[in-house]
Amino acid sequence: LDVKSRSSNENGVDGMHDKFESRWGQEIDFRFELEKKYCRRHNVPRVLLVVGGGPNSLSCILSAIQNQCPILLVRQSGGFASVLGRFLDEFYEKYRQFLKEREEAYHQFCQEKGTADEEWTWSELSRFAS
């Protein structure tokens with residue numbers, strides 16, 4: 001079949017392609033509702049599998065979070081999944097560093113006060129909350 005030599009009417013994409021293209025990404029909410037109902041009806045777990053991905057992947061992920069749907073991210077699969085994987089790695093590392101610094105400050109404070117960790121007052125603890 002020589003697609004290049006045929007007109008758009010003969011290829012069956014006459015205007016329909018443009019209609020779907022202008023609504024790109026608007027199927028996300030519908031798809032999640034459909035998946036949710038299917039999973040309930042058949043008593044099967046629901047999960048969002050993120051492999052590769054493009055511009056609408058973030059919308060899909062946010063919708064999954066809002067609908068309490070677990071997310072399985074396949075790191076290094078390209079596209080948005082790889083970008084998100086790198087972001088999560090960096091965020092986790094910075095968060096670990098933050099917790100480590102807070103813990104060190106906590107122990108230093110206890111040593112300065114000459115108290116055990118359990119002897120803190122709420123006002124003293126608030127120093128480390130911000």
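This passage looks at a nonpolar core, two residues of one helix and a surface patch. The model is predicted, so local features need pLDDT of at least 70 and side-chain atom pairs count only at pLDDT 80 or more, while totals for chains, interfaces and linings use all residues. Residues are numbered from 1 along each chain as its sequence is written, and side-chain values use heavy atoms, with hydrogens and water left out.

The largest nonpolar core (buried Ala, Val, Leu, Ile, Met, Phe, Trp, Tyr and Cys residues joined through side-chain atoms within 4.5 Å) has twelve residues, among them Phe32, Leu48, Ala64 and Leu84. At least two residues of this core come from each of α3 (28-42), β1 (48-51), α4 and α5; helices (H or I, at least four residues) and strands (E, at least two) are DSSP runs, numbered from the N terminus.

Ala64 sits in helix α4 and is buried, at 0% relative accessible area (buried is under 20%, exposed over 50%, partly exposed in between, with a 1.4 Å probe and protein chains only). Leaving out residues up to four places away in sequence, Ala64 touches Phe32, Leu48, Cys69 and Ile71, where contact means heavy atoms within 4.5 Å. Ser63, also placed in helix α4 (residues 57-66), counts as buried at 5% relative accessibility. Beyond neighbours within four places in sequence, Ser63 meets Ile28, Asp29 and Phe32.

Over on helix α5 (residues 79-113) there is Phe98, which counts as partly exposed because its relative accessibility is 38%.
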